[in-house]
Amino acid sequence: MQSPQIFSKLVIPATIAAGPGPGNTDTRVLEAFAGAGIADHMHGDVLRGMIECKHMLRQIWGTENTHTFGVAGTGWSGLDVMFSAVMPGDKVVVFVNGTFSGIDGLTVRMKAATAEELAANPLDPQPASVTIINVPHGQSVTGEIVDAALAEHKPKWAAMAHWETGSGRINDIQGFSDACEKHGAMGLVDAVSSLGVEDFRIDDYPGVAGWASCPQKGICCLPLTYAPVSLTDRYVDTLKTTGTRSFVHHPLMEARHWGIIDGQDVEKGTYHRTHSAYAVAAFHEALRIALQQTVAQRAKDYTHHEAALRKAVAAMGCEVTSNMTSLVVLNLPGALAGREMELVQNCRARNFGIWPTLSEPVQVRIGILNLLSEATIRDIVVRFGQAIEELGGSVDHAAVNAALERHYRVAVAAE
Ligand SMILES: *Cc1c(COP(=O)(O)O)cnc(C)c1O
């Protein structure tokens, strides 16, 4: 008999998660995860924790939508629940300005395709009922673009990423919501990168019928815990008339375990699937932290520290093309153009976890999720400067330091 091949115990090192996500998890969240007992998914405290999460999520997201809850998994899990109301033949317009909205577009095309359209190109269907509006990488989707497309196509649904993490661009959510209202479309928004980072309230955007986010970016929980979703009554009423072909990702069935039944909050959830006491405990703690810190304060901190990082990399000769406050997307100085991937790989080899863009053009992405202190920003700047020098680039350290000093000292003086 062959002896079994047993690998040595897997050790995953600590890294600086300076990318678009996952972000750096608070130790309180890790402790909550590791400290949960093996309570099953119908244990009273687990069910109570889920109900409390639901209520905290509504506060963080500024909404009275009853259908606000977590979907087990990551961002795509929440998005799959949200997009599940899109049925074959539905007319949809999707705005694409980067990697993630591109995948949202693919999801929509898979769901809106008729059986024939799906069979014709199963991995990349091109249904006649879906219009993809491509906005170039590095640019934002504007209200005018949305208004023009919805006026022309008059779709049932319109979809857009709020913050497109692939290119680091913030899209015009007010313009999107207004255009959806004006043209009678139901908006579906990928808010995976914006929730917990920008201070916004769902209920201020009545044109948007569905929102989906993720656990491990602005909410600072662990991947594979809970992806928040929030759905309006209009979305729910529409779904009730069409149904959807999923049990596990059925928005109404999934909501039952969170104590949302027949559109009402009930005292106790009922079984939908096995939930994890570890995931519930971690998510609960992450939401408590967000409410204690407040999203408004976090949003200010992101703005403050992103501006510092932006100034420092500009002083190194990089060109920043993003406008998100949790992520800087940049081109290297001219002399190093084309060597972005090499630089990123060098950094990653040292557990300094920055990222390239995942679709063309190749750019460098440096994120600051839950890295909101002057010390961590300075550490990132030093490491990034070293990586540039390692490739033979030159860094004007005096200029970089002066930019950081000016930013942090002037900001402090102004307070
Ligand atoms: C990260 C991200 C996703 C994908 O989320 P996963 O957690 O990887 O499933 C989708 N959309 C946007 C805008 C994102 O930033």
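How do strand 12 and strand 13 (residues 327-331) pair, and over how many bridges? The legends below take up this question first and then visit other parts of this predicted model.

**View 1. Four strands form an open sheet with antiparallel pairing.** To answer the opening question, strand 12 and strand 13 run in the antiparallel sense and are linked over two bridges. In this pair, look for Val320, which stands opposite Leu330 of strand 13. Across the whole sheet, the strand order reads 12-13-15-14. Strand 12 (319-320) and strand 14 (355-356) are the edge strands; each has a single partner strand, so one side of each has no neighbour in the sheet. As a reminder, strands of a sheet pair through backbone hydrogen bonds, in either a parallel or an antiparallel way.

**View 2. Twelve names to find here: the ligand is surrounded by Thr74, Gly75, Trp76, Leu79, Phe100, Trp163, Thr165, Asp190, Val192, Ser193, Gln216 and Lys217.** Sorted by class, this shell holds five nonpolar, five polar and two charged residues. Helix 3 (residues 75-83) supplies the largest share of the shell, with three residues.

**View 3. Oxygen atoms of the ligand meet polar atoms of Gly75, Ser193 and Lys217.** From the side chain of Lys217, an N or O atom sits 2.6 Å from a ligand oxygen. Gly75 takes part through its backbone, where an N or O atom is 2.8 Å from an oxygen of the ligand. For Ser193, the distance from a polar side-chain atom to a ligand oxygen is 3.3 Å. Taken alone, the ligand would expose 380 Å², and the protein buries 90% of that area.

**View 4. The largest pocket has a volume of about 380 Å³.** Its lining is made up of 17 residues, and those closest to the pocket centre are Pro13, Thr15, Ile16, Ala17 and Pro22. By class, the lining of the largest pocket divides into nine nonpolar residues, seven polar and one charged. While you are at Pro22, check its backbone too: the peptide bond joining Gly21 and Pro22 is cis, with omega about 0°. Pro22 belongs to the segment before helix 1 (27-35).

**View 5. Two loops carry backbone angles for you to inspect: a cis bond at Pro361 and a positive phi at Thr294.** Between Glu360 and Pro361 the peptide bond is cis, with omega near -10°. Pro361 itself is in the loop between strand 14 and strand 15 (364-367). Thr294, a residue other than glycine, has phi near 70°. You will find Thr294 in the loop that lies between helix 10 (277-293) and helix 11 (295-315).

Notes
Residues are numbered from 1 along each chain as its sequence is written. This is a predicted model: local features need pLDDT of at least 70, side-chain atom pairs count only at pLDDT 80 or more; totals for chains, interfaces and linings use all residues. Side-chain values use heavy atoms; hydrogens and water are left out. A residue is near a molecule or strand if one of its heavy atoms lies within 4 Å of it. A polar contact is a pair of N or O atoms within 3.5 Å; within protein, one must be able to donate a hydrogen and the other to accept it, and residues adjacent in sequence count only if both atoms are side-chain atoms. Accessible areas come from the Shrake-Rupley method with a 1.4 Å probe; for residues, only the protein chains shown count as cover. Ala, Val, Leu, Ile, Met, Phe, Trp, Tyr, Cys and Pro count as nonpolar, Asp, Glu, Lys and Arg as charged, and the others, Gly among them, as polar. Two strands pair if DSSP finds at least two bridges between them. On a 1 Å grid over the protein atoms alone, a cavity is a set of points where a 1.4 Å probe fits but cannot get out, and a pocket is an open set with protein on both sides within 12 Å along at least five of seven lines; lining residues have an atom within 4 Å of a point. Grid points are joined across faces, edges and corners, and a volume is the space filled by probe spheres set on the points.
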